[in-house]
Structure formats: C-alpha cells, structure tokens
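Work through the following exercises with the sequence and the coordinates side by side, and try each task before reading its solution.

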Amino acid sequence: MTGPAVPFREIVLKVHSRCDLACDHCYVYEHADQSWRTRPKAISDHVVSRTAQRLAEHARTHALPSVTVILHGGEPLLAGPARLRRVCEEFTSALTDIAALDLRIHTNGLQLSPRYLDLFDEFDVKVGISLDGDRAANDRHRRYADGRSSHPLVLKAVELLRQERYRHLDLGLLCTVDIANDPVAVLDALTGLEPPLIDFLLPHATWDEPPPRPDGSPTAYAEWLLTVFDRWQEQGRPVPVRLFSSVLSTLSGGPSLTESLGLAPTDLVVVETDGQLEQVDSLKSAYEGAAATGFDVFTHSFDEVAAHPGVRARQLGLAGVSETCRRCPVVRSCGGGLYTHRYRPANGFDNPSVYCADLAALIRGIEDRTAAATESPAVRDPYELLAAQQDLTRTLLAVLHDGLGGSGGEAWESAWALAVELEADPAGQEGLDLVLAHPYTRTWLLDALEAVRAGRPVHGPPAERLAATVAAAAVRAGLDLAVPVVHRDGRLFLPTLGEVRVGGTEETGTAVVRAEGEGFAVRAEGGAVLHIARGAGEGPHWSPVRRLAAAGPVRVHVLDDLDPYRTCFDTPAADRLSPQAADAWSASLAEAWQLLAEAVPEQAAEAAAVLTTFTPLAEGAPVQAGRHGYGAVGIAAGGDADALALALLRGFRRAKLRALAEVADLYASDGSWDHRMPWQEEWEEPVPFSRLLSETYERIGLGLFAPQFLAGVPQALDLIEEAAETTVDGKQLLAAMRKEINGTHGTSVRNGCKTDTESAAVRRTRERLTEK
C-alpha cells in the first residue's frame, strides 16, 4: 500500500461495555466477536487520560483543526455522570489550544435524565438516540432481557432532549432497518418527533451470515428504503435523512456523508474499555478478532494504528473495492458498501457487499426519482448555461469584495459604491450585466482572487478594473454617473468599449468617465475633455473594440485585441490589428461561419450565439480556449476557410465543456483511473477520465462537420458509460452526446430563438444576445 496513512479525525471511546437492553440484532453482543465478555465493564481513569494524551499528540502531529470523540458502549450512560464528567474534562483539557473538540454520545436513551443533559450542556456533548420507529417496530428487537418494551422510555428521552434548554444538543435518531416493519409507519413515527436528522442503517450481515429476506427478494431492503424515500418526498423532506442525502450528494459528484456508502477513506479508530485500539466496531459482525489490531493506548501511537494493514485497506478508495465493484456504474455512490458487509470466509473482504443488489437498486431508484430535480439545466440548455455563467461571475465578484475586507483601497471602495448605485437602476443593472458577461472579466476576477488567497495586495490594475467596468456599464446604460478611472501610460481601457488615450505615454492619473448623449466624455486631471461618440471609429484619442461581420443572429460579435486581460492563452495575443488586417480577419471568420452554418446548422447557431469575443493570437495552435469566462476564443491568423471553420468548432466545443464543468458536476472528483482512448497509439499513456470526456465531446462536434473525427467515438462513449465516474449531469451529457452522433440531437437554439419554456434569467440572457 502506497501513500501516507490517513490521520484519525474520529475516535469511538467505549466508556461502558455492558448494556441494559438485550437487542437481538446487536453486533456487540449477538454476533461473531464475543470479546466484550473479557473486557472491564467501565473505562478506567488511566485509559481515559492516556487516550486523551494520544489524541492530542495525534492532532498536533497532523495539525488537525478538529477531532470528534464519540462516547459509546454497550450503553455509555451506564458509566454514570461522574465518570462521564471525567471523560469530558480530560479530553477538553488535553485538546485545548491544539484542536477543536466535538464530543458526542450515542445512547439507547433509557437512562437519559436532566442530570446527564446538564452535564452534556456544560461540555457541549451532542446526543444521538437509537429508535427503530413506532412501538411495534422498535419492540421487534429493542427489548429488555425479560421481553419488556423499551419504547416508552426511549420516547421520554427524546421528548426530554426536545426541550428548549437541551434542543441544541440533539444529534438525531438512528434507526436500524427491518423489512418486516411497515416503512411508512416507521418514517412517520420518526419524523413526528421532529429530530434534526434521521440515520437509517442496514442490519450488519456478511456473505457467511446474510441478512434475512423473508420473500427471497434480492432487493427487499432497497424496496423498503425506496418506500421510505417516496414517503419522505411526499412529506416534503421534513427532516434530513443521512442515507438519502449521501446518495443524492454522490450522484451529483459530491462526497459521501456516511461511512456505509462512498469511497472516502476511513478516519476512525475505536478505543475499548481496557485501552485496546481497534478498527471500526461493525467488524465484530464478521469473525472473532476481526476488529483487533494488537495495539493499545499505553504503548502505541495512533499513527501506528493508522498504518495497520486492516485500517489501510479501508483507505484505498476505488482501489480498495473488489474488481466487480470497480466496474459497476454506481460504485461512486455505494463505495462497495460497508466494509464489514463484504466479508466472505473464503476470500475475506474482497467482495461486493452482501447488500450489493439492494444498494444498486436503491441508488438507481433515487436517481430515477430525482433526476429532473438534480440535473443542472445548464447541461440541457445553452441559455441556461450562459445564465449560470453570469451567476458565477457575479458570485466571484462578491467573493472578491468580501475577501478584500476593505483592503482594496479607496479606489475599490469608491467603485463598489458606484456599482451599487448602478444596480439600483434597471438600465444600469442591464449595462453591468453586459460588461460582467464579457469573458475577460472572469480572467480579471480569477487573477485578483488568487492574489487575495495568496495574501498579496490587490492594488493597481486588478483593483482599478472594477472602476473601468462600472464606467463601461454606465456608458452602455446612458446613465449620468461620474466614474473616476485610473489611466496608465496615458491609456484608459473600458471593457467591451475600447481604449481612450488621454495623455502622454508615461502619464498615470485619474480621469472621470461620464455618459453623454449617444456617447461619453472623459475628463483627465488638468486636461481637456474628450468626447467619444457612439460608434466612433479609430482616432487619435480612441480605439474601439471592433465589431466583426455578422455570424448569426447575435448583437455583439467583437474582435477584442485591446483588453489587457486577453493575455490568458497559452500563446501570446497579437498586438492591435491594422484596420485592413481586421477587415480581412472578419471576412475570413464570416466565410468560416457560413461553412459551419451549411454543414452543422445547429452547432453553428449555438456557437454564434455564445462565442461573442474573438482575440487574434500571434502564434501557436489554430484555436485556444484560455483562462476566461465562456464566450471567447483565441484564434491564430491564417489558414483557409475549412481550417478556420474546424478551429471555430473546436474552440466552441472546448469552451462549452469547460463552461459546463464550472457550473455542473459532470464526473466524480475522486476519479483515479486512467483510460486508453480508442484513437490513441499503443505507445501513448492512458489519460484521466476528464481528458477522455473532453476529447470525446470535442471529436463528436468535429465529426459532424468532418466525419473522420468520429472514428472510435462510439467505443469512447461506451468506455465513459462503463467508467463509473459520471454523475447525474454527466449521464445527461452522455445521452446528449449519443443523440448527436445518432443524428437525433435536438437543440433549443433555432435561428437564435428558444422554443420551449424559459426562465426570466434565461430570457434576459437570450435577449441580450439576440437581435431585437
């Protein structure tokens, strides 16, 4: 096993090894491992003190910001208030000034009283209670040894925890699934208690001791849980359910929220009442000694336990599951199931979960029920993508402002106040939207945010860009707003408009920009007022951002060879083109667009609507999508119309997939497998999934224009589908890609118009791009 061991962030501390109930499904007392019989009933002060020291040592070594200690048993409340106080005091003292301490206790609730809760309030110990549903469901397993019901006392404990003075300590309810119980009745009973969280657990089982299946159904547990899910949906999701939230998270490319699902490495260690250090407690269901490590808190550090082969085996992510699981499309969500549930005497834990069919059916069932709600509209609709990109830009601007925290200087604060004033006017808001939508706005924001995160000051051009943005927006809106903008070397650039020259080449100062009539005026300090008319061409004091020949039904299609932030490509941007060169460039682009419109009309229409900004490159690849917002490409001059058309199409596909990845999770972020692309040479190294997806997406677009690019694409799509890395949005994108190569792709762009129902945000985005 390679790589460093994962540090422990969570400790289960067994404070008492006996219980006041006789639950017949308990993994501690009723399953294979009976080591509890030889352990002390209660944890000693020495074990408590030594464990606290070991945890503090571990937290300091790994600079852990926080650690969680879960008081467990048996039944931890049987340890008594005095011993539990000692535990809280020892750990609080040991972790002070080292790491934040999150104390929790999991109990059956029978002993819970104000005396305990006052103690827990003092040390902020959160309380989780086990309850299997209504009385009939709970009493099926959770009874006293003499058969008496525990339900009334558990409800009393829950009600006590719900009191206002203790409500902040409530962790929620833990329910073990039994398919003999009525799933609707169970959920209704639990949600009726208004807990902050419900956690459903599958009963511990292995291939040697499989779970009961009265009707023989291989998916009985999935069917039970999906009935609960449907009822939970019907109720309006009144309480978070950890199991469902975890599946929904992983389907969208997010993390697992529970140890029983997902591929996150384990970071938990168990300390028994005698100080023995063990692996996760559920392993006691597998066989005698399955959880043992041979280590204890007296002679071993937590780092030694973290290096134990059994612990490391649960830290390998996708590499740690069986070969069958690695090929399964839902492995990112189920993670191969709980490690314990994979056990088979013949080959240990190298198996799918004994609940494999249930987990697959549960995940697919939740996906089927929620796909429409969890899919990002940006994947389906190009105008939704543009609207999402605009939201992202505005969010980044707000994050930058918050990150500066007043350190941006007077110029930034003044420009921000003017932006707020601009936003208050509808025309001003639209003008600001237009300028923020300019792709190189994103380049500026990302550069400035990197400076903030690195602790570098954001002064000079990064801070001054905000004022220039506000000024350009005010001019576009025609609002009488005086905006001071810094000019450097006598040059003042207004994004989306052009460059004003206000003085000598070595002058730096401030000029006031103000809209007037059909244009704007610029007054530099101590200088004359320059009046720039709307639509003015090149002159001694003004260089406009030039409009290109029409390339579809778009209002703004520009050649931007002025913006200081256009230098975001791998190769240098060209200097300002001469009018003759710009005209020739424009004519070449128009010819290339015409070829695309004839060969791939749907792609051409969408590309023309969203690729609004073209920057000539001095050299390098024919086309590049740089580090900027959606809508710009860099294109090298030269080449015939066919080559330029392919370059445009390639740039569009690259830019679109990157824009999608910025606003939607298309594949799991923990992808660790490399894939060989069908068109690769034998000697070429396999590539990550992200590269496989991007090249396949690009080749489909090119293949519709030049069919030779489709060679190997069907095989690549099969590989993507089998790779078990796509999320809900990724599967939606994959379906769209298959439709494209099958000739059944239907786009919502028809001659620049949207044909189905659209949101107000999307409509505004379309209207800004489309000719009235």
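**Exercise 1: enclosed space**

Task: establish how many cavities of 30 Å³ or more a search of the whole structure finds, and what lines the largest cavity.

Solution: The search, run over the whole structure, finds four cavities of 30 Å³ or more, where a cavity is a set of points, on a 1 Å grid over the protein atoms alone, at which a 1.4 Å probe fits but cannot get out. The model is predicted, so that local features need pLDDT of at least 70 and side-chain atom pairs pLDDT 80 or more, while totals for chains, interfaces and linings use all residues. Residues are numbered from 1 along each chain as its sequence is written, and side-chain values use heavy atoms, without hydrogens and water.

Next, take the largest cavity, which holds about 80 Å³ of space, a volume being the space filled by probe spheres set on the points. Its lining (residues with an atom within 4 Å of a point) consists of 12 residues, and L251, P329, S333, T726 and K731 lie nearest the centre. At least two lining residues come from each of α8 (242-251), α12 (331-334) and α13 (356-374), helices being DSSP runs of H or I with at least four residues.

**Exercise 2: the chain as a whole**

Task: find what share of the 772 residues counts as buried, and what share of the contacts joins residues at least 24 apart.

Solution: Buried residues (under 20% relative accessible area, 1.4 Å probe, protein chains only) make up 55% of the 772. Turning to contacts (heavy atoms within 4.5 Å), one considers pairs at least 6 apart in sequence, of which 69% join residues at least 24 apart. Finally, the C-alpha trace spans about 95 × 60 × 50 Å along its principal axes.

Conventions:
Buried means under 20% relative accessible area, exposed over 50%, partly exposed in between (1.4 Å probe, protein chains only). On a 1 Å grid over the protein atoms alone, a cavity is a set of points where a 1.4 Å probe fits but cannot get out, and a pocket is an open set with protein on both sides within 12 Å along at least five of seven lines; lining residues have an atom within 4 Å of a point.
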